[in-house]
Amino acid sequence: MHLIADLCVVPMGLGLSLSPYVAECERVLRAHGLEPFLHPNGSGVEGEWDQVMNALKACHERLHEMGAVRVHTTCRFGTRTDREQRMADKMQSVEEKI
């Protein structure tokens, strides 16, 4: 099943700047064959359900390896059965209406 996901992965207790950890998660997502869309409050990704879930698990594992004792993630998921929709399709639909 194709999945569009919005992820916000936050390692806790590591200080104010989280950009090194965000960058590492972006690398992990890419290593899992995803093309993350980084935005100020997280990353958008799309792919097969298991691919996305395995990548998210790998993000948690990597952040723990980097010293994060706690990792908190919020997710929003979207799936469709009538057609395979891409993130770019959704954004283009809105842009056409502006």
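Two strands count as paired if DSSP finds at least two bridges between them. Keep that in mind for this one, a predicted model of a protein with three helices and four strands. Strand β1 is a good place to start: it pairs with β3 and with β4.

**Layout**
- Reading from the N terminus, the elements go β-α-β-β-α-β-α.
- The C-alpha trace covers about 45 × 30 × 20 Å along its principal axes.

**Strand pairing around β1**
- β1 takes in residues 2–12 and β3 residues 42–48; the two run antiparallel, with six bridges between them.
- For a handle on that pairing, look at Ala-5, whose bridge partner in β3 is Val-45.
- β1 also runs antiparallel to β4, residues 70–78, and here the bridges number nine.
- On this side, Val-10 has His-72 of β4 as its bridge partner.

**Contacts and burial**
- Take the contacts with a separation of 6 or more: 70% of them link residues 24 or more positions apart.
- The protein has 98 residues, and 31% of them count as buried, with the cut-off for buried set at under 20% relative accessible area.

**Surface and charge**
- Accessible surface adds up to about 6500 Å², and carbon and sulfur atoms hold 54% of that.
- On the charge side, there are 11 positive and 14 negative charges, and their mean positions sit 4 Å apart.
- Mind that His is not counted among those charges, so His-72, the β4 partner of Val-10, is left out of the tally.

Definitions and conventions. Residues numbered from 1 in each chain as written. Predicted model: local features only at pLDDT ≥ 70, side-chain atom pairs only at ≥ 80, totals over all residues. Heavy atoms only, no water. Buried < 20%, exposed > 50% of the residue type's maximum accessible area, 1.4 Å probe, protein only. Contact = heavy atoms within 4.5 Å. Areas by Shrake-Rupley, 256 points an atom, 1.4 Å probe, with all protein chains shown as cover. Charge placed at Lys NZ, Arg CZ, Asp CG, Glu CD.
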